[in-house]
Each structure stands twice: as structure tokens, then as C-alpha cells.
Amino acid sequence: MIFNVRTSGLHSLLLWKLKGKLCFWPSTCGLREIFTFNSALGKPQEKWKDWFSVVGLEVHAQIKTSSKLFSGSANKFASPANSLVSLFDCAIPGTLPVLNKHSVEAALLTALALNCNINLISEFDRKHYFYADMPAGYQITQQRIPLAVDGHLDFAVFSPAVHKTPYKKQSKIKQLQLEQDSGKSLHEESMFGSLIDLNRAGVGLMELVFEPDLKDGEEAVACISELVRILEVLGTCDCKMEEGSLRVDANVSVHKAGDHFGTRTEIKNLNSLRALSRSIDYEISRQIDVLENGGKITNETRGYDPQLKTTLSMRDKEEKQDYRYMPEPNLLPLNLLKLKLNPSDFRARIPVLPEQQRRLLMNKYQLSLETTIQLVNGGNIGYFEEVMGALPDLPVKKVCSLLLTDMLGLLHKDEKTIQQCPVHPHQFAEVVELVKNKTITHAASQNLLSILYHGDKRNPKQVVEEEGWAMINDSKKLEAICQQILSANPKAVASFRAGKTKVFKSLSAHLKKECNDKYDMGEATQTLRRLLEERVE
Amino acid sequence: MLQQLKSGGCSVQELYTLCLNRVQMIKSLNAYITLTNKISQVQLEESAQRYMKGIPRPMEGIPIAVKDNFCTKNTKTTCASKMLENFIPTYNATVVQRLLDSGAILMGKTNMDEFGMGSGTTESIFGPTRNIWGSHLIQEVNSNSEEAFSTPPDDFYISGGSSGGSAVAVASGSCTVALGSDTGGSVRNPASYCGVVGFKPSYGSLSRYGLIPLVNSMDVPGILARTVGDCRSTFDIIKGWDPKDSTTLQRPLNKSKLKKTSSKLSKLCVGIPKEFYCPELSSEVSEAWRDVADLLENCGFRVVQVSLPHTSYSIACYSVLNPCEVASNMARYDGLRYGYRATGKNLNSTESLYAATRSQALNQIVRGRILAGNYFLLKENYDKYFVQALKLRRLIYEDYVKLWSTGVDLLLTPVTLSDAPLFSEFNQKDSRAQSADQDYCTQPANMAGIPALSLPVRLSKRNLPLSIQLMAPHFDDETLLDVAELLEKELNFPQPTVKEA
């Protein structure tokens, strides 16, 4: 762990003893695992009956720029320790910060996408605290006059495991500020000291401070997921939570109806959506337990342990931190117009954002909110649009059901994303067209998709012809099949006619088998029912 | 000197040897912390080559000294503190780099008060710097005094500070030009006591990159030289925008208002601010001030009495702002990455390591200011102290803006309240009281960011230099230098002659 900065008098080894400090290594968790409501808590809603929980989020998003916020060092994850450290980054005396214009551009674009008011002139402040991975003894941030204020983020909350139907929600954004990231400390129990890696020190961050508008882990996950989608569309942050390029702190409190907000605790450095959701729900539950048992909540910072699935107090706040903010004297106020960064130019550069996309889809195709959420939030929108554009007048409901149920099912089994789908959108469209023209049944189309997915090179029409999967549009033949089933199952027919309509299910299972995916199942079922009921009269 | 080098009247080797001898002769004055003989030998060879080939650079072969708070590549930069006693930067400060690039030869790094906190160069871990005036090294100079003054044994006249090492280095002739830094008067004060020209340019005209900061919003690199002309030549080399310092001015400085024809000269107006007549002002300085004012009038300037009503608040304001920035700037000295690190068995936490390192390696004045600064910046105190001080600074600044708008082009004031005090006298007062006396006349220029210059006038009864200060509007550095040069000619201040061994 040797510094590349060759300053003599610079200690080559950054090792020193440190008081036992808790340190949490979050599990790596991808963005796929979105719906993670904490089932370990049993039925939380019941226990929380009289309580209201309040959640406010703070997000640190690393700005995707090639160099750091105030120095020319590269900004790259997983580089050899201390290989991306300029003189300024390790706080060598006499060095000065120089603002990276690209960082400002990225933050400005993000602020506008989040509906913020832009401060044309903002200022930098020093926030002081001693920490081994904070080389200057202060962080340059924007406390008094941040780049942007008063924004909001609209998102939909929808986790089928919790709620059957989605609902819309908004979280207000108090401010968006530019600031420096710190380095990393590695505390190893087995070693006699700590190790410091300053590669991350000085990387540009956008800190987003949300108002306490949320109520639980599910909403927090929905909010952050939407933020991630926006940042990804903008390209201003790569949002790899597992690498720490997007980190979330959650402020949690509980209170009873009619009361003021309770004392809050802060859960720090949540590095996955699973941890975000679970830690918040755990913390709500913990606070309610404490209060119900006559205890008191103390204002403290807590960390989440993914193994124990609990939050733990990280440091005692007996010594209240006073950051002794002071204006940064080495930087001029950030004047956007002077830097030729006009917010109105940037507003025009904002691409279509997820919320707008969902609204467009609902209007254009008359889709349900639920379906648009699945299309947009799952990242399936590009594929969907390509399919819809491939052939005219495709039935949108059929496209959605085949795409969101069948195709995603196949992909999910192989842990693939829609971007890795081997079935070309045009092929997909042809399959849907075959269903639309009643050339094949819905069931046959599922088989067809599967065969194409697994690498069949023939075109869909050819497969249908060669495999003999064409739908039979002959109601006489269908009626004959139904008759045959009725005669083969006299007991069931008798029970049905005696009023035990439940047996219809078993009869239609027989029917499905006999139809062998070649008859329209809707029509087949109707025919069967008609025949059963006809004889009664 | 440059003229002589160029005309061949003196070779670079001769000049260098002369200066090197002086460096040796004045060792007892303790002006230098580090001598850079090895580096200067290499530079000397290149300079000689260039003169031979006829391709000298603008400052080719000029010996310089640099205050030990400017980073110098591969040369110790200590800030006269135990904290950085063994700190060797890997880079040159911009102003140093520009001097080296133009052919200047670095003689050494000069003594100072620890981190620039002091006004006598008495607070260095390497011991105080003694003034050459009144020392055994000085030859009798023409004095207007009949009385003979001798320095008491075991005592000496202070050099002033915090750039005292640079002032003595120049006054003794061990270099032609020296860099200092000026936050509250740290260039002008020792220049005044040592009888050299001390120029603090406009804030923003010189890069601070590589200058280890005291108060970022007031620090300005300064130039000490025997003549205004040398100051100007050096200033021309080092001034101008630096992409590494966001607070440097991107456009050129204002052109000089002084046209060298007598008819235009009369149109310049010099203000005499009445607030600078403070009770502590010595009669000798007061007389010198009045005489120079008369001199200017005789030269055709319009001299008027003016008022800068908030002048007396400057020191109080400074004593809040300075500790705040100091507290912040000093936070990086934790012993982890560079600098002194405490060792010991009981240092078993980051906090205890920090505490031991900082209390062992920073002197009491530095620690006192860190404590005060952190107190002023506490949430509950911030508005009461820091914000109030900022408001006061704004008022002081506006005093000047208003004054310039009434047609005043320059100000003439004292620099120091007296000639150089004896160490024993100076040391009786604590650091705050010293600062209140020493910085009274110089501090306001830092508050306002305006250029100011200390110019030696004549010798006092004690055979010590008496100086006067000129100030000009922000970025009117050229006017300031022109008027100073004009005065310099009229005053004809005697250069000290060092006794040859």
C-alpha cells in the first residue's frame, strides 16, 4: 500500500492502530433483486398498526467523469491502491483545488432532470472532521448555497409480493450539492492497524437530500430505483451500488397518529437495494419495539449488518459533531453563466425520463400503470418499442403478455437481461402476428418463442408449418373433441350437472390436452361449457 | 544588476561567489534555514553557458532566496515548524517555477515565523533571525544622527516578520531578490525594519499555488529587493494567471496612471489617511511620513488628507478571520501522510495519534490560533464571530473603494510604528499584542486585497531604517511601482555595507 506520490517525508506505509470500530461489508446485490420486502419480520403491518413511520433518504452519487472533482487524477474503480492520487488528493501543503467543469455539467443536468431550481451562483464550503481517509481534515462541499434546491422525484411503488396494485408517490428533494468523496479505510481485525486507499478521495459526488416523505423500505427502494433509472438515462452516474458509486443513507423515525415526528436514527452507507429495504424495515420495527417497551430512541448513526439482518449502533453521539463549516477560500463562487453553463441549454439536453416514458406508453397504447411499470422499470421498453415498430397493428396486450411473462420467464431462468435476448424483436413481432391472424394459438406461440429462444434458426412461419402447429379453425371438430371428453368422463359430467361445477376444471384439463395447443382455448372452453349445460335443459 | 550581467561588467560566477560569501558572512544572523548550494551550482553552470551562447533568459544568473513556506522541488520546505522539518515537496510553487524558468539561481530557503504566525521572525524552530542593522556586521553608514547607538550585548534588533529571513538575505546582499509572503504585513514589516523594498502585489495577481497557506483569502506572495526596479523585474516574471490557482486574475493588470511628463504627474492625488496617526506612532516615523508627503507635493502630486474610518477595526477583524482559516488549513497536519508523526506505546487510537502529533510538532502560537479558530467556527459562535468579522472586512474594503472613487490614486502611510525594536523589547509582549502593534498599518491592505509597498526613507537616530508605505487601488500595481520608483530616486536611501572578514 505504497503511495505513488513520491514526496519524501511521506510515510510509505499508512498503518496505525485504531480503536475497535464497527465496519460493515455489505453483500453484493444487483439491481435485479428489487422486491425484497422483509418477510423475516412476519407480518409487519399488523405490529405497526398504530404507528406511522417516516423515512428520509440521502444519496451520494459518484459523478461519472474521467477525473476527480478538484484534481486531474483519474476516477476509476478497482485500481491498485493509492495509484490515482494527485498531490491535491492527499492534501500536500500548498496545493489548491481546481473545479472540474464536467462534474458541474453532470450535476446540473441531474438537478434539472429532478425538477430542481438551479442556483446560478452557488458556493463551496469546508466541512471539518478528522478522519484517516479524509486527508485535508475537511471535505469541500456545498452547505450554504448548493447548486440546486427544491426538486422532486415522482415514482411508482409496485412490488407484487406486497401490493397487488401499484401506486404513485413523490419525494421532494431539499437540495443537490457537489462535494468530494473520501478515501477508504480498511480495518482488518487480524492486523495491527488500518490501511488507507486514497483512490476515491476527491472523486466528485452529487449529494441529494430528500425530504422525509417516505414510509418504509418498499417506498425507499422504489424511490432509489427510479433515481437509478434517471441517472442511468442521463449517464451522470453509473449507479453500481455494490461498488459504492451510489450510496444511500436513510433517516428513520416512528410516531403515533397526531404526534410530532419521533427521534430519528440514521442508517449509513447502504450499498444495495436489499440492504436499504431490509434495514429500514428492521429499524422501524426496532424503534416500535423500543417505544412499546417504554424505551427511548436516541439520535444515532447505525449500520446495517446483512448477515445478522439487523442495524447496529455505529458510534456514540455523546460527543456531538460540530463540522465548523467555513466558506472555501480557494475557490471562486460557482457562477454557471460565467462558465457558459446555461441551465436552459441543459434542459433541452434531458432525454425522455422514465416517468414521462410511462405516461407516453399509457396514452399511446392504453396500457395499465402496472404494465408500463413493468416495461419501463424493468428496462424492457427498448425491446418493446422495437417489436411494436417491426410490424403494423400488433395487438399490444398480446405483445406485453408474451414479452413480460413468457420471454422474461425464459431470460430469468438463464439469468439473462432483455439486452441479451437471442430472439430478434422482428422475429418476436412475427410470432405475435401469427397469433393475431389466428394462425396459431396463444399456447403454440409460447412454444414457438421457446424454440426460437433456444436457438432454432428457422423463421417462425416455417416452424409452424414444419411442426404442424397451425391452429385448427373448425368448430365441428372442436365440438367432437368436447363430446368425446364428456363421454369418457361420465362421473364428472354427472357431478357437474348435479351442481358441483368445480369439476369443470378437471374436464377442461382433459380438453387442453386433447386440443394439443391447436385450438383456440377460449373457444374450446366455451364449447365444452355449452355442451355440459345444454344437456341439462 | 541584470544590466551589469548583460553588459559583461560582472560575470554570473563573480556575482554568485559574492553572494555565496555573504551567505557565509551572515550565518550568525540566521537568515537561511536551508542552503541550496548543490542546486545553485548546476544552475550557475547553465547560466554561464547561456551568457556565453548569448541566449540569457530574463533573470539569468540572478541570485534569489525563497521563504521557507514556498514549496521547492526536492528541497526541504519546513515552514520553520517541527511538523514539516523533514518535508521535501515533489513540486515547485508556481512563482518559484517561473523564477527558475527565467534563469534565477536559488541560494536557499529563508527563515520565518512558524507557518507565518508572528511578526518578528522570532518564532522559528530554527531560532530567530537577527536584523543586519545594528549588528556587528554592519559598517558605519552615513547617518544624520550625531549620537552613537550601540546594541546591548546578548540582544539584537529583530528583523521583523514573518518574512524576516528573506529581508535580511536581501539587505545583506546575499541575494538580489527574495520571495516572501504577506498576509497581514509579513513582507512589508521586515522590509521596513531591514531597509529594503517590500512589495505586496494585489491579491489575485500572483499565484498562491505551492505557497503553504496561512490565510488563503489574504495571502499574497511578496517580493523583497534592494530597489523598486528589481521588484518590478521580478514581478513581471512571476505575475499572471495560473490555471492551478482559481483565484488568480485572468486579465492583465491595469496600466500605470503615472505618465512621466510633469504636467500629467500633477494630476495624481495622494491621500494621507488620518486614521494611521495612531498614538503609538513614533515621532521619527511621523516625521519621515510628513517629509515624504512634502516631497511628493514638491514633485507635483496633489496631497490631501483623507479618512478610512474602519481602519482601527482591522486588527480585531483579523484576529478572528486569521485563526478560522488557520484552524482549517492546519487540519491536514495529522502525521499520517507526511510530516512529523508522534510515536509511543500509548498511541492506540487515531485520535490519540493525532493529538500527540499535533501538540508535539506545532508551537504554542499555532495551537492557540487553531483552538481560537475552531471556537469561532462552532455552530453557536459562527454568526457572532466569523460572520461579524466578514461584515467588518467588507466595511474596511468599502472604505477603500469609496476613497478611490473620490479621485484619490494612492495612499501614503507608515509601515511600522517605529524602527526595529530590540528582541528584548519585542519579546515582552504576547503574540496578539505584537500583532496589534506590528500589523496596524499593514493589515488593512490585506483586508482590501490592494497592492502595497514598503519603501525605505532614511535612518533613525539608532542608525536603523525608517520606511514608508504606499498603497494603490486593486490591480493598480504598475502605478504603485512607478510612484515608488520616483520616490526612491529622490530619497536615495543608503545601502548597508557589510564588513569584509
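I began with the UniProt record, where an unreviewed entry lists "domain: Asn/Gln amidotransferase" for residues 382-532 of chain A; UniProt positions are given in the numbering used here, feature names are shortened, and annotations may be inferred rather than shown by experiment. I then looked up that span of chain A, and found that it is 70% helix and 0% strand, with its end C-alpha atoms 46 Å apart. Helices (H or I, at least four residues) and strands (E, at least two) are DSSP runs, numbered from the N terminus.

I noted that this is a predicted model, in which local features need pLDDT of at least 70 and side-chain atom pairs count only at pLDDT 80 or more, while totals for chains, interfaces and linings use all residues. Residues are numbered from 1 along each chain as its sequence is written, chains are lettered from A and ligands numbered from 1 in the order in which they are written, and side-chain values use heavy atoms, with hydrogens and water left out.

Turning to chain B, I counted 17 helices and eleven strands. I looked up its radius of gyration, taken over C-alpha atoms, and found 22 Å, which agrees with the value near 23 Å for a compact globule of 501 residues (the globule rule is 2.2 Å times the number of residues to the power 0.38). The C-alpha trace of chain B spans about 75 × 55 × 50 Å along its principal axes. I also saw that 64% of the 501 residues of chain B count as buried, where buried means under 20% relative accessible area, exposed over 50%, and partly exposed in between (1.4 Å probe, protein chains only).

In the UniProt record for chain B, I found "domain: Amidase" (unreviewed entry) covering residues 18-136 and 152-481. Residues 18-136 of chain B are 28% helix and 13% strand, and their end C-alpha atoms lie 19 Å apart.

I next looked up the feature "active site", which UniProt (unreviewed entry) places at Lys67(B), Ser162(B) and Ser186(B). They span 120 residues in sequence, yet no two of their C-alpha atoms are more than 10.9 Å apart, so they gather at one spot.

I ended with Lys67(B), which sits in strand β2 (residues 63-67) of chain B and, at 0% relative accessibility, counts as buried. Leaving aside its neighbours within four places in sequence, I found Lys67(B) in contact (heavy atoms within 4.5 Å) with several residues, among them Ser162(B), Ser186(B), Lys109(B) and Gly180(B).
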